[in-house]
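Reader: I should like to learn how to read a model of this kind, feature by feature. Where should one begin?

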Amino acid sequence: MTQPARIAILTVSDRASRGEYEDKGGPGAEAWLREVITSDVEILRRIVPDLRGVIADALREYCDEGADLILVTGGTGPAPRDVTPEAVFDVAEREYPGFGEEMRRASLAEVPTAILSRQTAVSRGKTLIITIPGKPSAIATCLNAVLAAVPYCLDLLGAARIETDPTRIKAFRPKPK
Ligand SMILES: Nc1ncnc2c1ncn2[C@@H]1O[C@H](COP(=O)(O)OP(=O)(O)OP(=O)(O)O)[C@@H](O)[C@H]1O
Ligand SMILES: Nc1nc2c(c(=O)[nH]1)N[C@H]1C(S)=C(S)[C@@H](COP(=O)(O)O)O[C@H]1N2
């Protein structure tokens, strides 16, 4: 039996972490992934405040626990407390700018402020980390835009193999030569 892919979802929000509003981002991302990914997955979720050290520690812990993929929602904007990109770069080994470019392009069709998000993707060891804006509606927009490339990216990083429902996301893996 192959191990299920381990996917972590980290919500970064001062107010959701204090219980001032219900976190819709974490559950929304989990529901989206469970609909789209057809192979076995284990999904872990956590909420943290917009604090660079706390976010970076949570990311390191998830990587050490063998996460194949981490989705981070929130804290990518220009406000002084938006420090998700800084925390992500604290733990990153490599950046994949194409993720941010494509997610912003897709979001721009919905909101002109899409360009304010500093969202991107990085890897640390075999773990791929993708950042997404905090607005819960951004999750489907952004994941729809990039998920087709994620299974092959995980293959190349040596992470778990994931399969998707092709009626939702047609994962692209180049044919072996
Ligand atoms: N996890 C979440 N669950 C529900 N709604 C959210 C979440 N994150 C953000 N939002 C909504 O999207 C808006 C913009 O998100 P943003 O990340 O800029 O929040 P913020 O103003 O920095 O506040 P906070 O960090 O306290 O969530 C928020 O004001 C809130 O209405
Ligand atoms: N799809 C989508 N992208 C979006 C938004 C949105 O509502 N939907 N909000 C934008 C706004 S207003 C901001 S400030 C940035 C950063 O959001 P964050 O700080 O919640 O990460 O994401 C942008 N990208």
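Author: A suitable place to begin is the nonpolar core. In soluble globular proteins, nonpolar side chains tend to be buried together. In this predicted model, the largest nonpolar core has 44 residues, and Leu59, Ile70 and Ile129 have the most contacts inside it. Strand β1 (residues 5-12) supplies the largest share of this core, six residues.

Reader: What does isoleucine 129 touch, apart from residues up to four places away in sequence?

Author: Beyond that sequence window, isoleucine 129 is in contact with Leu59, Ile70, Val72, Val88, Ala121, Val122, Ser123 and Arg124.

Reader: How should the sheet be read, and in what order do the strands of the open sheet stand?

Author: Strands of a sheet pair through backbone hydrogen bonds, either parallel or antiparallel. Here six strands form an open sheet in the order β2-β1-β3-β6-β5-β4, and the pairing is mixed. The edges are taken by β2 (41-48) and β4 (94-95); each has a single partner strand, so one side of each lacks a neighbour in the sheet.

Reader: Which pairs run parallel, and how many bridges join β1 to β3?

Author: β1 and β3 run parallel and are joined by five bridges. Within β3, leucine 69 is the residue opposite isoleucine 7. The pairing of β3 with β6 is also in the parallel sense, over five bridges. There, leucine 71 faces isoleucine 130 of β6.

Reader: How many bridges join β5 to β6, and do these strands run parallel or antiparallel?

Author: β5 and β6 run antiparallel, with four bridges between them. One bridge links valine 122 to its partner in β6, isoleucine 129. The two strands form a hairpin with two residues between them, and in the turn glycine 125 has a positive phi of about 60 degrees. On β4, the pairing with strand β5 (residues 121-124) is antiparallel over two bridges. Glutamate 95 stands opposite valine 122 of β5, and arginine 94 stands opposite serine 123 of β5.

Reader: How does one assign residues to the faces of a strand, and which residues of β3 lie on each side?

Author: In a regular strand the side chains alternate between the two faces of the sheet. In β3, Leu69, Leu71 and Thr73 lie on one side, Ile70 and Val72 lie on the other, and all are buried. Five of the five residues of β3 are thus counted as buried. In β5, Ala121 and Ser123 point one way and Val122 and Arg124 the other way, and all are buried.

Reader: Which strands does helix α3 lie across?

Author: To place a helix against a sheet, one lists the strands in contact and then compares directions. Helix α3 (residues 52-64) lies across β1, β2, β3 (69-73), β5 and β6 (127-132), and runs at about 165 degrees to β2. Helix α7 (residues 150-157) also packs on the sheet; it touches β3, β5 and β6, and its direction makes about 145 degrees with that of β6.

Reader: Is arginine 60, in helix α3, buried or exposed?

Author: Arginine 60 falls in between: a residue is buried with 20 or more other C-beta atoms within 10 Å and exposed with 12 or fewer. Arginine 60 has 15 such atoms, so it is partly exposed. Its C-alpha atom is separated by 9.6 Å from that of alanine 92, which is 32 residues apart along the chain.

Reader: Why does proline 85 count as buried?

Author: Proline 85, in helix α4 (residues 84-91), counts as buried because it has 22 C-beta neighbours inside 10 Å. Leaving aside residues up to four places away in sequence, it touches Thr76, Arg118, Thr120 and Thr131. Proline 85 and glutamine 119 are 34 residues apart in sequence, while their C-alpha atoms are 7.0 Å apart.

Reader: Finally, which residues come nearest to ligand 1, and which are closest to ligand 2?

Author: For a ligand, one reads the nearest residues, then the elements and classes that make up the shell. Around ligand 1 there are 17 residues, of which Ser13, Asp14, Arg15, Gly25 and Gly134 come nearest. Helix α1 (residues 14-17) gives the largest share of that shell, three residues. The classes are four nonpolar, seven polar and six charged residues. Ligand 2 is surrounded by 18 residues, the closest being Thr76, Gly77, Ser107, Ser117 and Gly134. In this shell the largest share, three residues, comes from helix α6 (residues 137-146). By class, the shell around ligand 2 has five nonpolar, 10 polar and three charged residues.

Note on methods: Residues are numbered from 1 along each chain as its sequence is written. Chains are lettered from A and ligands numbered from 1 in the order in which they are written. This is a predicted model: local features need pLDDT of at least 70, side-chain atom pairs count only at pLDDT 80 or more; totals for chains, interfaces and linings use all residues. A residue is near a molecule or strand if its C-beta atom, placed from the backbone, lies within 6 Å of it. Ala, Val, Leu, Ile, Met, Phe, Trp, Tyr, Cys and Pro count as nonpolar, Asp, Glu, Lys and Arg as charged, and the others, Gly among them, as polar. A nonpolar core is a set of buried Ala, Val, Leu, Ile, Met, Phe, Trp, Tyr and Cys residues joined through C-beta atoms within 7 Å. Two residues are in contact if their C-beta atoms, placed from the backbone, lie within 7 Å. Two strands pair if DSSP finds at least two bridges between them. Axes are lines fitted to C-alpha atoms, for helices over the stretch in contact, and angles run from 0 to 180 degrees between N-to-C directions.
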